[in-house]
Amino acid sequence: MTMARLFLSLGALLAGLAVVTGAFAAHGLRGRVEERLLDVFQTGAQYHFYHALGLCLVGLAAGQFGANRLLGVSGWLMIVGIVLFSGSLYLLAITGVRWLGAITPLGGTAFIGAWFCLAVAAWRAL
């Protein structure tokens, strides 16, 4: 499977999952968790969706400019970021276990690295 196909397909699937999680928060969690925790969950869903679209962008860039190491790193960092950042916020909101918040910045760091890798890859390709 090509990098373009992999990241575009995973990005689209993760975007759909982000919509599902956002709907779950709005309809399944409202009234069951504190409003503050609902906001935490929604933040996770927002960043999940943004970075799923970012992953689609990485896939499209790989298709347009050819796969390269920086695009590969960018794509995998987007996925890691979604799992760590959004996943930790989802679990924190559902369980109330506060130490999960310590994982969130690792996901944020992965997101930042992903965007920087994408920027350098685009700079070199254009």
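In this predicted model, a good place to start is L14, which touches H48, A52, L55, I79 and I82 when residues up to four places away in sequence are left aside. L14 also belongs to the largest nonpolar core, a set of 30 residues, and stands with F41, L55, V58 and L71 among the five that touch the most other members. At least two residues of this core come from each of the helices α1 (residues 3-29), α2, α3 (residues 69-95) and α4. The biggest share is that of α2, which provides ten residues. As a general background, nonpolar side chains tend to be buried together in soluble globular proteins.

Helix α2 spans residues 35-65 and includes H51. The relative accessible area of H51 is 5%, so this histidine counts as buried, the limit for that class being under 20%. Leaving out residues up to four places away in sequence, the neighbours touched by H51 are M78, I82, F111 and W115. With W115 there is also a polar contact between the two side chains, at 3.0 Å. I82, touched by H51, is likewise one of the residues that L14 touches.

A second buried polar residue worth a visit is T104, found in helix α4, which covers residues 104-125. Its relative accessibility is 10%, and T104 is therefore classed as buried under the 20% limit. Not counting residues up to four places away in sequence, T104 touches L84, F85, S88 and L89.

Charged side chains add another part to the picture. In general, side chains of opposite charge can pair when their charged atoms come close. Two salt bridges are present in the structure. One links R30 with E35, where the closest N and O atoms lie 3.6 Å apart. Both partners fall between the buried and exposed classes: R30 has a relative accessibility of 46% and is partly exposed, and E35, at 48%, is partly exposed too. The other salt bridge joins the side chains of R36 and E34, with an N to O distance of 3.9 Å. Here R36 has a relative accessible area of 40%, which makes this arginine partly exposed, while E34 is partly exposed at 49%. The value for E34 does not exceed 50%, the level above which a residue is called exposed, and therefore E34 stays in the middle class.

Key
Residues numbered from 1 in each chain as written. Predicted model: local features only at pLDDT ≥ 70, side-chain atom pairs only at ≥ 80, totals over all residues. Heavy atoms only, no water. Helix = DSSP H or I, 4+ residues; strand = E, 2+ residues; numbered from the N terminus. Buried < 20%, exposed > 50% of the residue type's maximum accessible area, 1.4 Å probe, protein only. Polar contact = N/O pair within 3.5 Å; in protein donor to acceptor, adjacent residues only side chain to side chain. Contact = heavy atoms within 4.5 Å. Core = buried A, V, L, I, M, F, W, Y, C linked by side-chain atoms within 4.5 Å. Salt bridge = Lys/Arg side-chain N within 4 Å of Asp/Glu carboxyl O.
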